[in-house]
Amino acid sequence: WRIGYFGRDGIIGYTPISWESYAEEVAVRIVNNTAVIKSECVGYQGFFTDYGKNEKNLELLLNGEIEYVEYHLKDTLQETTQN
């Protein structure tokens with residue numbers, strides 16, 4: 001993925017163009033001490049389906065890349081416990 005934005009409030013990456021879609025934006029933003037994670041098509045997508053690409057992007061992020069994000073945003077994130 002190509003990093004498009006990196007700051008204290010989050011990180012945004014872009015997937016390459018493929019037969020499945022033009023490209024997706026994968027973002028982790030910190031809002032009110034909560035990580036908001038999304039993947040969505042940002043280019044032309046001539047079909048009504050994403051062929052599971054967004055779900056695949058989120059799985060990749062949550063199964064490995066999230067550690068990269070956590071490390072670089074650790075000063076912004078605060079641990080909270082829910083009862």
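These questions and answers go through the strands, loop residues and salt bridges of a predicted model.

Me: In what order do the four strands form the open sheet?
Reply: The model is predicted. Its four strands pair antiparallel, and the sheet they form is open. The order is 1-2-3-4.

Me: Which strands stand at the edges of the sheet?
Reply: An edge strand here has a single partner strand, so one side of it is left without a neighbour in the sheet. That applies to two strands, strand 1 and strand 4.

Me: What is the average twist from one strand to the next?
Reply: The four strands of the open sheet are paired antiparallel. From one strand to the next, the twist averages 10°.

Me: How many bridges join strand 1 to strand 2?
Reply: Strand 1 covers residues 2-7 and strand 2 covers residues 10-14. The two form a hairpin, with two residues between them. They run antiparallel, and the number of bridges joining them is five.

Me: Which residue in strand 2 is the bridge partner of F6?
Reply: Strand 1 spans residues 2-7, and its bridges to strand 2 join an antiparallel pair. In strand 2, the partner of F6 is I11.

Me: Which residue in strand 3 is the bridge partner of Y14?
Reply: Strand 2 and strand 3 run antiparallel, joined by five bridges. Y14 has its bridge partner in strand 3, and that partner is E25.

Me: Where is N32, and is N32 buried or exposed?
Reply: N32 is not a glycine, yet its phi is positive, about 50°. N32 lies in the loop between strand 3 (24-31) and strand 4 (34-41). Its relative accessible area is 73%, and exposed means over 50%. Therefore N32 is exposed.

Me: What is the phi of N33, and how accessible is N33?
Reply: N33 also sits in the loop between strand 3 and strand 4. Its relative accessibility is 27%, so N33 counts as partly exposed. N33 is not a glycine, but its phi is positive, at about 65°.

Me: How many salt bridges does a search of the whole structure find?
Reply: Side chains of opposite charge can pair when their charged atoms come close. One such pair here is E25 with R29. Another is E40 with K38. The search of the whole structure gives a count of three.

Me: How far apart are the closest N and O atoms of E25 and R29?
Reply: E25 is buried, with a relative accessible area of 11%. R29 is partly exposed, at 33% relative accessibility. The two form a salt bridge, and their closest N and O atoms are apart by 4.0 Å.

Me: How many residues apart are K38 and E25?
Reply: K38 forms a salt bridge with E25, the closest N and O atoms being 3.7 Å apart. This pair links distant parts of the chain. K38 is in strand 4 and E25 is in strand 3, and their separation is 13 residues.

Me: Which residues do salt bridges that share partners join into one network?
Reply: K38 is partly exposed, at 28% relative accessibility. E40 is partly exposed too, with a relative accessible area of 34%. E40 forms a salt bridge with K38, with the closest N and O atoms 2.7 Å apart. Through shared partners, the network joins E25, R29, K38 and E40.

How values were computed
Residues are numbered from 1 along each chain as its sequence is written. This is a predicted model: local features need pLDDT of at least 70, side-chain atom pairs count only at pLDDT 80 or more; totals for chains, interfaces and linings use all residues. Side-chain values use heavy atoms; hydrogens and water are left out. Two strands pair if DSSP finds at least two bridges between them. Buried means under 20% relative accessible area, exposed over 50%, partly exposed in between (1.4 Å probe, protein chains only). A salt bridge is a side-chain nitrogen of Lys or Arg within 4 Å of a carboxyl oxygen of Asp or Glu. Axes are lines fitted to C-alpha atoms, for helices over the stretch in contact, and angles run from 0 to 180 degrees between N-to-C directions.
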